[in-house]
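Here are a few exercises to work through with the model open beside you. Try each task before you read its solution.

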Amino acid sequence: MRKIFFGILAFVSMIFIAFASFKDRYVEQFNKQITAIDVAKPDPFDQIRSLYDSLHVDSILSYQAFEEAMYGYESMAHRSKKNLITVIDFTLPSTAKRLYVIDLKNKKLLHHTVVAHGRNTGENYATNFSNKHGSFQSSLGFYVTAETYQGGNGYSLRLDGLEKGINDQARARAIVMHGADYCNVNLAKSMGRLGRSYGCPALPREINAAVINTIKGGSMLYIYANNKNYMASSTILKTKTASKTMLAQHDEVEHTAAPTVVLN
């Protein structure tokens with residue numbers, strides 16, 4: 001009887017040891033797989049932060065605006081033909097340099113200038129946005145630059161809005177980038193704001209051609225305003241799990257905007 005008891009005990013012990021060994025090997029293999037996944041797929045937002053830091057623009061460009069622009073750039077990579085991103089930050093006043101053209105490949109800020117908003121979008125600050133014809137308001141969101149032409153405002157660049165219901169009427173509304181006499185420093189000083197467009201992101205004439213020639217032909221442009229209605233409507237910024245985290249931050253964290261850089 002004792003032999004049977006010790007035999008059973010030995011058998012159970014062998015099973016327990018075998019199970020423990022299997023469990024240890026399984027856990028080790030699982031941890032290796034998780035580590036491999038982490039190495040193969042780094043956090044995209046860590047990469048965006050690293051790129052932002054390497055640009056040394058923290059004193060002039062809001063990280064929140066840059067993060068959203070880059071997330072959209074990555075999401076819409078199939079629409080972009082250039083390693084460029086143009087950001088317009090409408091949380092800043094029109095008297096500030098709020099347009100940024102960034103060379104992502106060489107990690108360099110190429111252009112930094114004032115830009116006008118639509119006459120019905122606001123006075124010095126842009127607060128009202130529309131996709132409707134005749135609204136004379138600016139539209140937020142992601143665009144891809146298209147062809148250039150010579151029009152009533154001179155050398156101009158057509159923009160195609162990528163977000164249905166938000167800015168997809170840009171071409172039909174003739175929302176283009178162009179130079180304007182009302183977009184200049186002296187006017188801003190005398191009026192307390194830039195002149196305003198019919199909804200176009202108008203630039204100073206002296207830099208208009210240089211900016212257009214840099215970004216024309218398929219580069220991404222993002223017009224940012226930290227606007228709750230836009231954030232709730234944009235499919236580009238809310239379709240993926242990673243972007244949902246970013247959306248939650250809008251509600252839970254008070255982001256500090258970059259210091260306003262006003263023209264001298």
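**Exercise 1: helices on the sheet**

Task: find the strands that helix 3 lies across, and its angle to strand 8.

Solution: Helix 3 (residues 63-75) lies across strand 1 (84-89), strand 2 (99-103), strand 4 (141-151) and strand 8 (220-224), and it runs at about 140° to strand 8. This is a predicted model, in which local features need pLDDT of at least 70 and side-chain atom pairs count only at pLDDT 80 or more, while totals for chains, interfaces and linings use all residues. Residues are numbered from 1 along each chain as its sequence is written, and side-chain values use heavy atoms, with hydrogens and water left out. Helices (H or I, at least four residues) and strands (E, at least two) are DSSP runs, numbered from the N terminus. Axes are lines fitted to C-alpha atoms, for helices over the stretch in contact (heavy atoms within 4.5 Å); angles run from 0 to 180 degrees between N-to-C directions.

**Exercise 2: the sheet**

Task: work out the strand order of the sheet and say which strands stand at its edges.

Solution: Start with the order, which is 3-2-1-8-4-5-6-7 in an open sheet of eight strands with mixed pairing. Next, look at the ends: strand 3 (108-113) and strand 7 (203-204) each have a single partner strand, so one side of each lacks a neighbour in the sheet. Two strands pair if DSSP finds at least two bridges between them.

Now follow strand 5 (residues 154-161). With strand 4 it pairs in the antiparallel sense over seven bridges, and the two form a hairpin with two residues between them. Strand 5 also pairs with strand 6 (residues 176-180), antiparallel over three bridges. Here Arg 158 has Val 176 as its bridge partner, and Leu 157 stands opposite Met 177.

**Exercise 3: helix 2 against helix 3**

Task: how do helix 2 and helix 3 cross, and which residues meet?

Solution: First, the axes of helix 2 (residues 44-55) and helix 3 come within 10 Å and cross at roughly 125°. The two helices are therefore oblique to each other (not under 35 degrees, over 145, or 65 to 115). Then list the contacts: Phe 45, Ile 48, Arg 49, Leu 51, Tyr 52 and Leu 55 of helix 2 meet Tyr 63, Phe 66, Glu 67, Met 70 and Tyr 71 of helix 3.

Finally, stay with Arg 49. It forms a salt bridge with Asp 53, their closest N and O atoms being 3.4 Å apart (the rule: a side-chain nitrogen of Lys or Arg within 4 Å of a carboxyl oxygen of Asp or Glu). Arg 49 and Asp 53 both lie in helix 2, four residues apart, about one turn of the helix.
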